[in-house]
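Trainee: I'd like to learn how to read a structure like this one. Could you walk me through it, feature by feature?

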Amino acid sequence: MAVCGSVIVRCCIPPSPFLGRRFDLSEKEKKPSSFSCTVATSRITALFWGFGRKTNSTQIQQQQQQQQQLFTLTAPEPEGTNNNKVISVSVLSSISEVAAAEWDACAVDATAPGKFNPFVTHAFLSTLETSGSAVAQTGWTPHHVVARDESSSSRPVVAAVPLYLKSHSYGEFVFDHSWANAYYSYGSRYYPKLQCCVPFSPVTGPRILLRDTPFKSETFDILLSAMKDIAAKSQISSLHVTFPTESECLQLSQKGFLPRIGMQYHWKNRNYKKFDDFLMDMKQSKRKNIRQERKKISAQNLIMKRLRGYEIKATHWDSFYNFYRNTTDNKWGTPYLTRDFFHELGSKMGDQVLLVVAEEGDELVAGALNLIGGDTLFGRLWGCHPRAYYPSLHFEACYYQVYILLCILYLYFVTLQAIEAAIELDLKTVEAGAQGEHKIQRGYLPVTTYSCHYLLDEEFRRAIEDFLIRETSQVKLVMKLLHDSGPFKEGI
């Protein structure tokens, strides 16, 4: 649909709290100020500003005037009418600065209700902030970008972008530590960087959340220009968009971003009515292994429960947080999420949360956290009680036996329980998170994930582009080999 008239954009960019010094996360972020620019007749015009390294207020005001830059994007010519659109773009230091209904309207339009993604909702993202999980003190300074239609008296939000200023590369699941090392080897600074993503969540979904307006494509271009300008004027190394949709990745690649592919394992529902229908599609050996795993779980006198909404009590979240900490302490080493995160998530997201738990007697001994989307079950976190479950085992055999049983319990929780739940809920897909070749034998097949990277230094950009070309060919080869040795019967 053609856009008549013009779209005027003003962008308010707060200064980076990291610039010109080591990362002092205690300093409070300064509030942005705004200004406007002259209306054009038949162009989309955007005016952005940023800051250099100096941070006292007088110097910031001087740099604000010195670093003003006019961006002009070609727009469709008017079709006989003068229907001007004025779009303001601002950067928010917290998602709480925008109403949940307005943010979520962008999220729903970006996916369509049938493919609703819970990770880009105001509830999920605000929980990360209010719980102290994704905040400046943990190296995740919110820099969310919001566009409003100033032509309307209600100033509705027409686009939103979850964006963070990062002082490290943890909690992203698209690994660029070697890039940071290369920067430092040549005396350059990789951090801070801008990250457009959902923190701690390797889940594919829309990242540029756009309302379905006649000027949707122009708004997309303006937001990208704004984010690039923030990066350039703030003198940071790079801007990254991780786990976008395939279509977004294509659009970003056309705008100067370097595309990168990765791999996850997803399960697809082939209109199964019950779990045994799924098993009958498996090769005989794989089907036998899964049935044996399920028998071993039932032989341990464990009761499995799937809880949603009001069924999940505070005691469940306290237990699950302990399971989560047990996993991070033994595997990752960094507990990204706070105890409050889980309690707030359950309170805010209700029936979109599915908590699978295992009980032994009156005690919760393990659990798996899932979120329910429009057509997908997203498996997120798993953990178990740190103490041994089976005291009757001899000490010499205890560690090995418990390890084997915990592995089976993990596989049962993360893969099989999720599949069974998806069939019951009539969901099309289960996404069980990053990594895990073991998932293939339980019906999960490799799928492509995407990320896009905008590097300001041209020499580093060329070097990383060359690396990504070689990496892509290797990932595609591995995916083909894994598909060819899949667990399903021939022809399925």
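Mentor: Let's begin with empty space, and keep in mind that this is a predicted model. Rolling a probe the size of a water molecule over the atoms shows where empty space is left. Here, the second largest pocket holds about 720 Å³ of space.

Trainee: Which residues are closest to the centre of the second largest pocket?

Mentor: K115, T204, G205, P206 and T245, out of the 31 residues that line the second largest pocket. Several elements give two or more residues to that lining, among them α2, α5 (216-233), β12 (258-268) and β18 (445-455). The largest share comes from α6, with four residues.

Trainee: How many residues of each class does the lining of the second largest pocket have?

Mentor: By class, there are 14 polar, nine nonpolar and eight charged residues in that lining.

Trainee: And where does the second largest pocket lie with respect to domain 1 and domain 2?

Mentor: The pocket lies between them, because domain 1 (64-74 + 83-263 + 448-485) and domain 2 (270-427) both give residues to its lining.

Trainee: Okay, on to the inside. What should I look for there?

Mentor: In soluble globular proteins, nonpolar side chains tend to be buried together. In this chain of 492 residues, 54% count as buried. The largest nonpolar core has 43 residues, and F124, F342 and L369 touch the most other members. Elements giving two or more residues to this core include α3 (122-130), α10 (339-349) and β15 (363-372). The most comes from α9, which gives five residues. Both domain 1 and domain 2 supply at least three residues each to this core.

Trainee: Which residues is L369 in contact with, leaving aside its neighbours within four places in sequence?

Mentor: Among them are W317, F320, F342, L345, F378 and L381. For the chain as a whole, take the contacts with a separation of 6 or more: 77% of them are between residues 24 or more positions apart.

Trainee: Let's try single residues. Is L279 buried or exposed?

Mentor: L279 has a relative accessibility of 1%, so it counts as buried. You'll find L279 in helix α7 (residues 275-279). Beyond its neighbours within four places in sequence, L279 is in contact with R287, I290 and R291. The C-alpha atoms of L279 and I290 are 8.3 Å apart, with their positions 11 residues apart along the chain.

Trainee: What about Q284: buried or exposed?

Mentor: Exposed is over 50% relative accessible area, and Q284 is exposed because its value is 53%. Q284 sits in helix α8 (residues 284-298). Q284 and F488 are 204 residues apart in sequence, yet 9.0 Å apart in space, C-alpha to C-alpha.

Trainee: Last topic, the backbone. What would catch your eye there?

Mentor: Most residues other than glycine have a negative phi, and most peptide bonds are trans. In this model, the peptide bond from Y191 to P192 is cis, with omega near 5 degrees. P192 is in the loop between α4 (177-185) and β9 (193-196).

Trainee: Which phi values are positive in residues other than glycine?

Mentor: F173 has a phi of about 70 degrees, and F200 has one near 60 degrees. F173 is in the loop between β8 (163-166) and α4, whereas F200 is in the loop between β9 and β10 (209-210). At 30% relative accessible area, F173 is partly exposed. F200, at 6%, is buried.

Terms used
Residues numbered from 1 in each chain as written. Predicted model: local features only at pLDDT ≥ 70, side-chain atom pairs only at ≥ 80, totals over all residues. Heavy atoms only, no water. Core = buried A, V, L, I, M, F, W, Y, C linked by side-chain atoms within 4.5 Å. Buried < 20%, exposed > 50% of the residue type's maximum accessible area, 1.4 Å probe, protein only. Domains from an automatic or database assignment. Contact = heavy atoms within 4.5 Å. 1 Å grid on protein atoms, 1.4 Å probe; cavity = no way out; pocket = protein on both sides within 12 Å on 5 of 7 lines; lining within 4 Å. Points joined across faces, edges and corners; volume = space filled by probe spheres on them. Nonpolar A, V, L, I, M, F, W, Y, C, P; charged D, E, K, R; others polar.
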